[in-house]
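Let's go through some of the labels people put on a structure and ask what stands behind each one. Have the model open while you read.

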Amino acid sequence: MSYQHQWAQMIAKDPEHSHRYAERWRSLAAAGHDLDGEARLIDAMAERGSRILDAGCGTGRVGAYLAERGHSIVGIDLDEVLISEARESCPAGEWHVGDLAETGPEQLGDGFDIAASAGNVMTFLDPASRSAVIANLASVLAPGGRLITGFGAGRGYDFDEYADDLTQAGLRIEHRFATWTLQPFAADSDFLVCVSVRA
């Protein structure tokens, strides 16, 4: 099945979009902005030397930080330009071009301690693919492995719907926060950082 992910639609309309996106992150890093908030939290939740999947990895920003701290990183993104950037910036990682809705243990392996998806990746998915993506992410986790995601409200993926999709995939919500710095989540929070665990 071919899904119509929002990111792919943006690239189709504007082939230079990915190049500008990558340049934006390089410029922010060069200007000294803190770009590692998500990765710091993921690192804090991981045993040293963990096997971590960076799902929707983009330029490899999160995965590169984690690789520098001794974790084994596998990244996947459907954007070839961004994967090329990830391979250049973090040769220690293993980077794949692929669709999360169609990629599971056969392509990525299994036994991951953590699968992480930052940067609103969940909201760029074709709504028809969401349950398949979450099922695939659950399938690559080791027993007790965690899925850590972060995305904003008002972007087409209701937080309660996301919780239902996690349950359908056999994942149990362990923690919910309103920010990557662990501010408490409330009913009116406009951002969700969700930690779920595979039984």
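Q: What makes Arg130 buried or exposed here?
A: Buried means under 20% relative accessible area, exposed means over 50%, and partly exposed is in between (1.4 Å probe, protein chains only). Arg130 has a relative accessible area of 5%, so it is buried.

Q: Before going on, what sort of model is this, and how are things counted?
A: This is a predicted model, in which local features need pLDDT of at least 70 and side-chain atom pairs count only at pLDDT 80 or more, while totals for chains, interfaces and linings use all residues. Residues are numbered from 1 along each chain as its sequence is written, and side-chain values use heavy atoms, with hydrogens and water left out.

Q: Why is the meeting of Arg130 and Glu161 called a salt bridge?
A: The term calls for a side-chain nitrogen of Lys or Arg within 4 Å of a carboxyl oxygen of Asp or Glu. The side chains of Arg130 and Glu161 come to 3.6 Å, N to O, so the pair fits the rule. It links distant parts of the chain, with Arg130 in helix 8 (residues 130–140) and Glu161 in helix 9 (residues 159–168), 31 residues apart. Glu161 has 34% relative accessibility, so it counts as partly exposed.

Q: How many salt bridges does that rule give?
A: The count comes to 9. One of them joins Arg20 and Asp14 at 2.3 Å, N to O; Arg20 is partly exposed at 48% relative accessibility, and Asp14 is partly exposed too, at 24%. Glu68 and Arg69 meet at 3.3 Å, N to O. Here Glu68 counts as exposed because its relative accessibility is 64%, whereas Arg69, at 33%, is partly exposed. Glu23, Arg26 and Glu85 are linked in a network of salt bridges.

Q: How do you know that helix 2 has close to its expected span?
A: Helices here are DSSP runs of H or I with at least four residues, strands are runs of E with at least two, and both are numbered from the N terminus. The expected span is 1.5 Å times one less than the number of residues. Helix 2 (residues 17–30) has 14 residues and reaches 20 Å from first C-alpha to last, close to the 20 Å expected.

Q: Why can one say that the buried residues of helix 2 line one face?
A: Those residues are His17, Ser18, Ala22 and Trp25. Down the helix axis they fall within an arc of 135 degrees, so they line one face of helix 2; the arc is taken from the directions between the axis and the C-beta atoms. Their cover includes helix 1 (6–13), helix 4 (61–68) and helix 5 (80–89).

Q: What makes a group of residues a nonpolar core?
A: The members are buried Ala, Val, Leu, Ile, Met, Phe, Trp, Tyr and Cys residues joined through side-chain atoms within 4.5 Å. The largest has 28 residues, of which Leu53, Met122, Leu137, Leu147 and Tyr162 touch the most other members. Helix 8 gives the most to this core, with 5 residues. In soluble globular proteins, nonpolar side chains tend to be buried together.

Q: Which residues is Tyr162 in contact with, leaving aside neighbours within four places in sequence?
A: Contact means heavy atoms within 4.5 Å. The partners of Tyr162 include Met122, Ile134, Leu147 and Phe151.
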